[in-house]
Structure formats: structure tokens, C-alpha cells
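Here is a short tour for a newcomer. Take a look at the sequence and the structure first, then read on.

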Amino acid sequence: MGSLASERSVVGLAAKDATGVLSPYTYTLRKTGEEDVVVKVLYCGICHTDIHQTKNHLGMSNYPMVPGHEVVGEVIEVGPAVSKFQPGDVVGVGVIVGCCRTCTPCKSDVEQYCNKRIWSYNDVYTDGKPTQGGFASTMIVDQKFAVKIPAGLAPEQAAPLLCAGVTVYSPLKHFGLMAPGLRGAILGLGGVGHMGVKIAKVMGHHVTVISSSDKKKAEAMDHLGADAYLVSSDAAQMAAAADSLDYIIDTVPVFHPLEPYLSLLKLDGKLILLGVINEPLQFVSPMVMLGRKALTGSFIGSMTETQEVLEFCAKKGLTSTIEMVKLDYVNQAIERLERNDVRYRFVVDVAGSKFEP
Ligand SMILES: NC(=O)C1=CN([C@@H]2O[C@H](COP(=O)(O)OP(=O)(O)OC[C@H]3O[C@@H](n4cnc5c(N)ncnc54)[C@H](OP(=O)(O)O)[C@@H]3O)[C@@H](O)[C@H]2O)C=CC1
Ligand SMILES: O=C/C=C/c1ccc(O)c(O)c1
Ligand SMILES: [Zn+2]
Ligand SMILES: [Zn+2]
């Protein structure tokens with residue numbers, strides 16, 4: 001049962017300006033509503049989107065901002081109308097925490113595409129309070145936007161599945177790209193990309209990693225099980241792979257030319273953009289016409305797909321590859337992520353850390 005008594009004071013790590021440096025910040029959470037679960041944060045992954053948001057890459061950031069949207073925690077209290085969870089459950093919270101529930105995307109179980117979606121941070125909740133994310137002791141979330149972490153998954157391993165994992169799973173499912181034998185590529189071997197390799201391999205695909213350097217080659221092939229590796233600047237390697245792929249999942253977070261990648265697609269191949277890029281991208285139209293190629297994008301996944309990818313990974317014995325750090329390392333971790341120096345996702349041990357500068 002929920003105590004409807006008072007707002008809770010919590011401490012988190014917030015960016016105070018576009019330097020993106022995180023420092024302690026105390027704020028209040030709303031009272032536990034009828035359908036709310038109160039979550040003690042255990043672990044939170046660091047996604048490149050956290051950098052885009054804290055450093056105001058999209059020009060829409062509000063401060064103070066507590067980032068973090070790959071949140072695994074323990075339910076410590078539930079509102080009176082909560083049916084999905086009880087105290088003690090281990091749950092996950094991702095990128096969105098609200099939607100209108102009446103529009104076509106909401107009614108079609110793809111609420112991530114609701115134009116009234118509420119982001120888990122850098123947004124305003126229905127009560128008028130700013131939303132704040134998972135680099136904090138506690139979050140309060142409507143039960144619709146929490147998922148159960150299956151018993152077979154370690155909670156810290158599950159954190160990256162809540163954004164990175166579902167972000168690759170959703171387009172593979174939606175675009176009919178789950179059949180064994182497909183030939184796919186993952187462009188950009190970071191947090192999202194490494195989950196792409198793992199999930200596509202488990203689906204039985206022939207997986208090529210396309211990377212900006214050869215530094216990750218041995219690991220991609222040996223640890224992640226990729227079948228091939230291309231360095232994007234190697235014109236001979238790229239030419240040899242022309243017309244060979246059913247899809248490319250593009251996770252690069254900065255401007256890059258698209259034509260070299262469109263050339264790699266077969267007839268009806270798909271280039272699926274996942275990276276958040278704040279500059280226009282370009283290609284000439286024959287690059288897609290001659291081969292009926294599709295250029296599309298995809299945004300996280302629905303709550304149903306989020307639960308599904310967790311169960312899929314638990315069933316297949318698939319985990320993320322993480323570097324676990326304490327909260328006092330979070331600013332260094334963010335710097336390293338920005339420098340492309342992480343194998344492959346930082347996960348912060350929030351409950352095992354102190355909120356000190
Ligand atoms: N569409 C969606 O719903 C979602 C989108 N995103 C977005 O996807 C993108 C990737 O996120 P994430 O995987 O967390 O990011 P990472 O930083 O972990 O990975 C990005 C990878 O892109 C490659 N890369 C190429 N150029 C650069 C560059 N200049 N700086 C950094 N990386 C570069 C690197 O791979 P390599 O070394 O192999 O070249 C790097 O590992 C981000 O823009 C993020 O906001 C994230 C989650 C959900
Ligand atoms: O990491 C998850 C969020 C991805 C995202 C995609 C698109 C966009 O405009 C964002 O601000 C975030
Ligand atoms: Zn993310
Ligand atoms: Zn809606």
C-alpha cells in the first residue's frame with residue numbers, strides 16, 4: 001500500500017549547465033500517486049544520449065538536469081491502484097515515463113511515438129514538476145512505464161537493455177528483420193552497437209561491424225562473435241562489401257556521410273538511423289532509387305518491446321558487456337564515453353555509492 005503522506009526529498013547528480021558536469025543536487029519527488037511505484041535506484045547505465053542532453057547538443061536542455069534512463073531499481077512502495085508490482089520487485093525504467101494514452105501510437109502499443117510522450121528527464125511531468133532521471137537515490141514512476149527484470153538476468157547487466165537493447169530489438173522486429181540468415185551490419189560499436197551485434201547474432205544473422213578504426217576488431221570478432229569487420233575509411237574493404245547487406249543499423253552520434261553505407265545495401269536493403277545528430281544528413285536520390293533501398297529511423301521501443309527484449313535476453317542467456325563504476329567516477333566515465341573509450345557501456349552502481357562531490 002502507498003503512503004500518500006508527503007513529497008520525498010532525494011539527492012541526485014545533476015548537470016547545472018551545458019558543460020554537462022554532474023554534481024550533487026537535492027530535489028523533491030511527487031507524492032506517491034495511485035498508479036505510482038517508488039523505486040530505489042540500484043544501477044543506471046550511461047547512454048550517449050545523456051551527453052547530448054546534459055551538453056545541450058539539441059538546444060532543448062533545461063537545468064538542473066539529473067540524467068540517466070537505463071535504470072534498474074527495487075520497488076520500495078506502491079500506490080493503492082498498482083497491480084503490476086509489489087515492494088521488493090526488481091524493475092526497470094527507461095527513456096519515457098508518460099504518454100497521452102489516447103492517440104493512435106498510444107492505442108497501437110507504440111507509445112514511444114506519442115507526441116505527448118514525457119521523457120524520464122529534461123521534461124515536465126503532469127503535475128508541473130521537472131522530471132529527473134536515474135542518477136539519483138529514488139525515482140517515482142507510473143506502473144505503465146516500469147518493466148519487470150526477469151529472474152535470470154543480473155540487474156546491472158539488465159540496465160543497458162532498457163535503452164540500448166530495446167533500441168536495436170525494436171527496429172529488427174518492426175522491419176521484419178528477425179529471420180535467420182539475414183546479412184546485417186552494425187555501424188558504430190558502442191553501447192547501442194554492441195547490443196546490436198549480440199542480438200543480431202542470436203537471431204542467426206551474419207553480422208558485420210563497421211567501425212571508424214581497427215581498434216575494436218579483435219574484440220568484435222572474438223568476444224561479440226561478429227562475422228566480419230570493416231573499417232569505414234578503408235575504401236577497398238568498403239568496395240568489396242558493396243551490395244551485400246539486408247540492413248545496416250547506424251548508431252553513429254555525429255554527422256557522417258550516408259552514401260558509403262547506402263552502397264553496401266542489397267536490393268530492398270534498409271539503413272536504419274538510430275544516432276541523434278543535430279545536423280542535416282545528405283545523399284543523392286539514385287543512391288536509394290537504384291536498389292529500392294529504404295532510409296529510416298527508429299526510437300527506443302515500446303514498453304511491451306522493452307519487457308520482451310528483457311525476456312528474450314534472459315531466455316537466450318544474452319547479457320550486455322559493461323564497465324561498472326561508482327557515482328564518484330561518473331564525470332570521468334562521461335568524458336571517456338565521449339572519447340569513445342568504453343567497453344561497451346558504463347553502468348553506475350548507484351545504490352553502492354555515496355552522493356558526494
Ligand atoms: N534512436 C534511439 O532511440 C536511440 C538513440 N541513441 C543514440 O544513438 C547514438 C549512439 O549511442 P551509444 O551507443 O550510447 O553511443 P556510444 O558513444 O556508446 O557509441 C557510438 C559509437 O559510434 C562510433 N563513433 C563514430 N564517430 C564517433 C564520434 N565522433 N564520437 C563518438 N562515437 C563515434 C563509435 O564506434 P566505432 O569506434 O566503432 O567507430 C562509438 O563507439 C547516440 O547518438 C544516442 O543518442 C541511443 C539510444 C536510443
Ligand atoms: O537514448 C535514448 C533517446 C534517444 C533519443 C532519440 C531522439 C531524440 O530526439 C532524443 O532527444 C533522444
Ligand atoms: Zn539511451
Ligand atoms: Zn499518445
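Which residues coordinate the zinc ion (ligand 3)? They are Cys47, His69 and Cys163. The model is predicted.

## The zinc ion of ligand 3

Cys47 and Cys163 each bind through SG, and His69 binds through NE2. The distances run from 2.0 to 2.3 Å. Along the chain, these donor residues follow the spacing C-x21-H-x93-C. His69 and Cys163 link distant parts of the chain, 94 residues apart. His69 sits in the loop between helix 1 (48-54) and strand 4 (71-78). Cys163 sits in the loop between helix 3 (155-158) and helix 4 (164-174).

Why does the arrangement count as tetrahedral? The four donor atoms subtend angles of 98 to 129°. Four donors count as tetrahedral if all angles lie between 85 and 135 degrees, so this site qualifies.

Two of the donor residues can be placed by their accessibility. His69 has a relative accessible area of 3%, so it is buried. Cys163 is buried too, with a value of 6%.

## Ligand 2

Ten names make up the surroundings of ligand 2: Cys47, Thr49, Gln53, Leu58, His69, Val95, Trp119, Cys163, Val276 and Phe299. Cys47, His69 and Cys163 are in this list, and they also coordinate the zinc ion (ligand 3). By class, the shell has seven nonpolar residues, three polar ones and no charged ones.

Which side chain has an N or O atom 2.6 Å from an oxygen atom of ligand 2? It is that of Thr49. His69 also places a polar side-chain atom 3.2 Å from an oxygen atom of this ligand. Taken alone, ligand 2 exposes 320 Å², and the protein buries 76% of that.

## Ligand 1

Ligand 1 has 27 residues around it. Thr49, Ser211, Ser212, Ile300 and Arg345 come nearest. Thr49 is also one of the residues around ligand 2. The shell of ligand 1 holds twelve nonpolar, 13 polar and two charged residues.

Backbone and side-chain atoms both approach oxygen atoms of ligand 1. A backbone N or O atom of Val192 lies 2.8 Å from one. For Gly190, a backbone N or O atom is 3.4 Å from an oxygen atom. Arg345 uses its side chain instead, with a polar atom at 2.7 Å. Taken alone, ligand 1 exposes 900 Å², of which the protein buries 90%. Helix 1 and helix 5 (191-202) are the elements that give two or more residues to this shell. Which element gives the most? Helix 1 does, with three residues.

## The zinc ion of ligand 4

A second zinc ion, ligand 4, is held by cysteines: Cys100, Cys103, Cys106 and Cys114. Each binds through SG, at 2.2 to 2.4 Å. The donors are spaced C-x2-C-x2-C-x7-C along the chain. The angles among the four donor atoms are 104 to 116°, and the site is tetrahedral.

Is Cys103 buried or partly exposed? Its relative accessible area is 22%, and buried means under 20%, so Cys103 is partly exposed. Cys106, at 11%, falls under that cut-off and is therefore buried.

## Three residues away from the ligand descriptions

Asp36 is part of strand 3 (residues 36-46). Its relative accessible area is 5%, so it is buried. The side chain of Asp36 makes a polar contact of 2.9 Å with the side chain of Arg30. The Asp36 side chain also reaches the backbone nitrogen of Gly33, at 2.8 Å.

Arg336 lies in helix 11 (residues 330-338). Arg336 is buried, with a relative accessible area of 16%. What joins Arg336 to Tyr329? A polar contact of 3.0 Å joins their side chains. Thr138 belongs to strand 8 (residues 138-142) and is buried, at 11% relative accessible area. Thr138 and Arg8 are 130 residues apart in sequence. In space, their C-alpha atoms are 9.1 Å apart.

Technical notes: Residues are numbered from 1 along each chain as its sequence is written. Chains are lettered from A and ligands numbered from 1 in the order in which they are written. This is a predicted model: local features need pLDDT of at least 70, side-chain atom pairs count only at pLDDT 80 or more; totals for chains, interfaces and linings use all residues. Side-chain values use heavy atoms; hydrogens and water are left out. Donors are N, O and S atoms within 2.8 Å of the metal (3.2 Å for Na, K and Ca); water is not among the atoms, so sites may look incomplete. Four donors count as tetrahedral if all angles lie between 85 and 135 degrees; four count as square planar and six as octahedral if opposite donors are over 155 degrees apart and all others between 65 and 115; anything else is irregular. Buried means under 20% relative accessible area, exposed over 50%, partly exposed in between (1.4 Å probe, protein chains only). A residue is near a molecule or strand if one of its heavy atoms lies within 4 Å of it. A polar contact is a pair of N or O atoms within 3.5 Å; within protein, one must be able to donate a hydrogen and the other to accept it, and residues adjacent in sequence count only if both atoms are side-chain atoms. Accessible areas come from the Shrake-Rupley method with a 1.4 Å probe; for residues, only the protein chains shown count as cover. Ala, Val, Leu, Ile, Met, Phe, Trp, Tyr, Cys and Pro count as nonpolar, Asp, Glu, Lys and Arg as charged, and the others, Gly among them, as polar. Helices (H or I, at least four residues) and strands (E, at least two) are DSSP runs, numbered from the N terminus.
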